[in-house]
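Good morning, and thank you for coming. I would like to walk you through one structure today, so please keep the sequence and the view on screen before you.

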Amino acid sequence: MDKWFRVERFVEGGLEANCYTISFEDFSCVIDPCVNYKSIIRQSKHLKEIKAIFITHGHFDHFLELQSYIDNTKAFIYLHRNALSKLTSPVKNCSKLCGYDLSFDLEKLRNRIITVENDFSIGD
């Protein structure tokens, strides 16, 4: 059977940041979870079980709705190691400037976060 994938783009909220899903035959990935999980479920035409979440960089508008994915999936969270400290600091991730005050407890997420610098794979 040929391998296939589908890419979908979602934009929501006042920041109008882009969130993408890449759906393969048996799983999906979310890139920059700035759109709420339930909105993605409602709008997507191709979504499978979400197994991976990618944060492209550490500004809050790229992970504004991360908590909704943490609460509703078992997906691993992939990000560059330099962005890790931005998850814990509203000042570093710039959310404080916009009144969001967004931060995460890395200790609670330690089994789900994978820091990357080079090539990596998800499953097979």
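Let us begin with Glu117 and Arg81, whose side chains meet in a salt bridge with an N to O distance of 2.6 Å. Please bear in mind throughout that this is a predicted model. The two partners come from distant parts of the chain, 36 residues apart. Glu117 belongs to the segment after strand E6, which covers 113-116, while Arg81 sits in the loop between strand E5 (76-80) and helix H3 (84-87). Is Arg81 buried, partly exposed or exposed? Its relative accessibility is 46%, and because the exposed class begins only over 50%, Arg81 counts as partly exposed.

How many salt bridges are there in total? The count comes to three. A further one joins Lys96 to Asp101, where the closest N and O atoms are 3.6 Å apart. Asp101 is partly exposed, with a relative accessible area of 46%. The remaining one to mention brings together the side chains of Glu107 and Arg110, at 1.8 Å from N to O. Arg110 has a relative accessibility of 52%, which means that it passes the 50% limit and counts as exposed. As a general remark, side chains of opposite charge can pair when their charged atoms come close.

I turn now to the strands. Strand E2, residues 17-23, pairs with strand E3, residues 28-31, in the antiparallel sense, and four bridges connect them. Within this pairing, Tyr20 stands opposite Ile31 of E3. The two strands make a hairpin, with four residues between them. E3 also pairs with strand E4, residues 50-55, this time in the parallel sense and again over four bridges. From E3 the chain crosses through helix H1, residues 37-43, to E4, and this β-α-β crossover is right-handed.

One residue of E3 deserves a closer look, namely Ser28. Which residue of E4 is its bridge partner? The partner of Ser28 there is Ile50. The relative accessibility of Ser28 is 0%, so this serine counts as buried. Its side chain makes a polar contact with the side chain of Ser23, at 2.6 Å. Beyond its neighbours within four places in sequence, Ser28 is in contact with several residues, among them Ile22, His46, Leu47 and Ala52.

In the loop between E2 and E3 we find Glu25, which is partly exposed at 26% relative accessibility. The C-alpha atom of Glu25 is separated by 6.8 Å from that of Phe5, although the two residues are 20 apart along the chain. Phe5 in turn forms one aromatic cluster with Phe24 and Phe27.

That brings me to the aromatic residues, for which the count comes to six aromatic pairs. One of these pairs is formed by Tyr37 and Tyr69 in an edge-to-face arrangement, 5.7 Å centre to centre and with 90° between the planes. This pair, too, links distant parts of the chain: Tyr37 is in helix H1 and Tyr69 in helix H2, residues 66-72, the two being 32 residues apart. Are these tyrosines buried or exposed? Both Tyr37 and Tyr69 are buried.

To close, I would ask you to find two links on the screen once more. The salt bridge of Glu117 and Arg81 joins distant parts of the chain, and the aromatic pair of Tyr37 and Tyr69 does so as well. Thank you for your attention.

Technical notes: Residues are numbered from 1 along each chain as its sequence is written. This is a predicted model: local features need pLDDT of at least 70, side-chain atom pairs count only at pLDDT 80 or more; totals for chains, interfaces and linings use all residues. Side-chain values use heavy atoms; hydrogens and water are left out. Two strands pair if DSSP finds at least two bridges between them. A crossover is right-handed if, with the strands pointing away from the viewer, the path from the first strand over the helix to the second runs clockwise. Rings of Phe, Tyr and Trp (its six-membered ring) pair if their centres lie within 6.5 Å; planes under 30 degrees apart count as stacked, over 60 as edge-to-face and the rest as tilted. Buried means under 20% relative accessible area, exposed over 50%, partly exposed in between (1.4 Å probe, protein chains only). A salt bridge is a side-chain nitrogen of Lys or Arg within 4 Å of a carboxyl oxygen of Asp or Glu. A polar contact is a pair of N or O atoms within 3.5 Å; within protein, one must be able to donate a hydrogen and the other to accept it, and residues adjacent in sequence count only if both atoms are side-chain atoms. Contact means heavy atoms within 4.5 Å.
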